[in-house]
Amino acid sequence: MTLVLFLEQTLNGLQQGVMLFLMAAGLTLVFGIMHLINLAHGSLYMVGAYVTASVTMASGNFAVGVVAGMAAAGVVGMAVELLALRRLYARDHLDQVLATFGVILTFNELTKIIWGPQAMFLSTPEWLSSTVEIIPGAPYPAYRLFIIAVGLLVGLVLRHLIINTRLGMLIRAGATTREMVGALGVDIDRLFTIVFGIGAMLAGLAGAMAGPMLAIEVGMGEKILILTFVVIIIGGIGSVRGALVGALLVGLVDTFGRAFLPLIMRAFFEPATADSVGASMSSMSIYILMALVLIWRPRGLFQAYGGNG
Amino acid sequence: MISLSRRTAVHVIGLVILATLPVAADLAGEPFLTTVASRVLIYAIAAVSLDLILGYGAMVSFGHGAFFGVGAYVVGILTHHAFNGSAVPFLPGEWMGTTSAILQWPLAILVSGFFALIIGALSLRTQGVYFIMITLAFAQMLYYFMTSLPTYGGEDGLNVWERSSLPPLDLYNDQQFYYLTLAVLLAFVGLMQRFVNSRFGMVIKGCKQNETRMKALGYPVYRYKLAAFVIAGMGAGLAGALAANHTEFVGPGMMHWTRSGEIMVMVILGGLGTVIGPILGAATLLMMEEVLSQFTEHWMVILGPFLIFVVLFLRGGIYGWLIGPEKGDE
């Protein structure tokens, strides 16, 4: 019984970690290469979720919705990059925080105007709404397994992209010394826009995947944004591998904390108190993890490619 | 010379506006404005304190709301016990709390300073983006800690049933509250002005420009930065204590990262690395909120692009724009 619960929670943790990875991969690239703190990354996640939900409802096909959501997030992301954010690369972090905070406010309000203040709900597509008995005796929702699969697939594709392609080479080079890449005649501006677009599409994909599990509402981006930052800090800024490890770590710690801390607390408190104390402690656990990692390794678990500067 | 007089003019006009605002609000038949203005002043204190580390020391703390919240909770908790007649836990003796501002406010400052000491001591081991995120993490920890403390309201927060008592003043009188807050702000601004121009302030500014050189010159950089971090935390705690009185409520929301972000926005909007700028920033942000929300419920659609505009085109924030370029600017 306990083993089954443990396995089930491990899968839940993996699933949450994979979602975080989709967010973190894009953010860490933008962060590592353009040195841009993009608080608005969560807004792209929100755009992905809303567009996916709307298109899915209109077309009746989840796959079409996901593609539309990713495309919308990518286009919106690149538009924001071209219009405003590219002017910020040379600025200090503070200006970036303020401007992207402005982007968040704008997107939240535009979303409210377009889709209204009520939360939207998207049902799980039929072909994924069954359960799979992957652990004997504990049927597990197929949709969550699907998310894990998608996330791992994206991880593999990204790995191939970064290690084996010319674009990936430029990304790695850009993360180490971007001036040199520019000096060698690479169109840095275009590279940055492409990288930003990739990050935005991944955020959109994460939002699309979240649709059938969470309420699609204004402000959903900020909730996941902070977790994403925790992930890339733990993993080391600019490192996609670090983002994966960090995401899985945060996903597992958070899920285990949520599942088991209330149970552990019941040994000390009465049930109602134990539940609330346990829930809050599990929310704190991620930040404690991050603080410990930073005190142990002030630059995160993985250094970005070649860079220790 | 011209720019100097322009700076003085901005200061004088600002002071006149602040000093006459409650009277003007009454004359205009909008006494509610005084309450709004008090809120502006309270956030101005928090913003000025953050600017000490953010603007002068280049320590980008994303957790300043935590100290604001701690200050507020000290007032809230002491009032809670005084009101209930229950003893404050973890203290020797049976102290029933207090509503006296003379005790409450210094305690709020001390306790938030203590938290700033611990958080700063750990956070200042990291730098740059990592510093931003670790301060954020500590603030979130405190946020969740207060959320999980049912004794003091947990998620729902705590009503402050009685404002602090500070005879002969009556803090329930909106005008008196306003002028008291204004006095606190001016005193704090004066103190900060002295700080940044003192030898201590020079060291902090030196660390911003070139920390390695300061170390090479033999300054214990870490200790100086930590001291600045603690002072900033204390300032935020004071603002929090006032805020608890102003809203008559304390809640974990005061420590949430969006609050820290708001205070940070005020500083950058008003003018980084100036003592007056953050006040202008607080006023601009909160008044825009107030005014725009009367025209449209979608006021953020105006505020958001405005913030982006300020960053892209108004370098030096509103204050920098008002006083114009000055000779001898860094």
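Q: In this predicted model, how many Å should the 21 residues of helix 3 of chain B span, and how far apart are its end C-alpha atoms?

A: A helix rises 1.5 Å a residue, so helix 3 of chain B (residues 64-84) should span 30 Å. Its end C-alpha atoms are 30 Å apart, which agrees with that expectation.

Q: Is helix 3 of chain B mostly covered or mostly uncovered, and what follows just after it?

A: Helix 3 of chain B is mostly covered, with 18 of its 21 residues buried. Just after this helix, G85(B) adopts a positive phi of about 70°.

Q: What does the secondary structure of chain B come to, and why is the chain described as being as compact as a globular protein of its length?

A: Chain B has 13 helices and two strands. Its radius of gyration is 20 Å, close to the 20 Å given by the globule rule for 330 residues, so chain B is as compact as a globular protein of that length. Along the principal axes, its C-alpha atoms fill a box of roughly 60 × 55 × 40 Å. Of the 330 residues of chain B, 50% count as buried.

Q: How is the packing of two helices described, and which case does chain A offer?

A: Two packed helices are described by the angle between their axes and the distance between those axes. In chain A, the axes of helix 3 (residues 62-83) and helix 8 (residues 188-210) come within 7 Å and cross at roughly 140°. The two helices are therefore oblique to each other, and their crossing is right-handed. Residues of helix 3 of chain A that meet helix 8 of chain A include G65(A), G69(A) and A73(A); among those on the helix 8 side are G197(A), A200(A) and G204(A).

Methods
Residues are numbered from 1 along each chain as its sequence is written. Chains are lettered from A and ligands numbered from 1 in the order in which they are written. This is a predicted model: local features need pLDDT of at least 70, side-chain atom pairs count only at pLDDT 80 or more; totals for chains, interfaces and linings use all residues. Helices (H or I, at least four residues) and strands (E, at least two) are DSSP runs, numbered from the N terminus. The expected span of a helix is 1.5 Å times one less than its number of residues. A residue is buried if 20 or more other C-beta atoms lie within 10 Å of its own, exposed if 12 or fewer, and partly exposed in between; C-beta atoms are placed from the backbone. The radius of gyration is taken over C-alpha atoms; the globule rule is 2.2 Å times the number of residues to the power 0.38. Axes are lines fitted to C-alpha atoms, for helices over the stretch in contact, and angles run from 0 to 180 degrees between N-to-C directions. Angles under 35 degrees count as roughly parallel, over 145 as roughly antiparallel, 65 to 115 as roughly perpendicular and the rest as oblique. A crossing is left-handed if the near helix is turned anticlockwise from the far one by less than a right angle, and right-handed if clockwise. Two residues are in contact if their C-beta atoms, placed from the backbone, lie within 7 Å.
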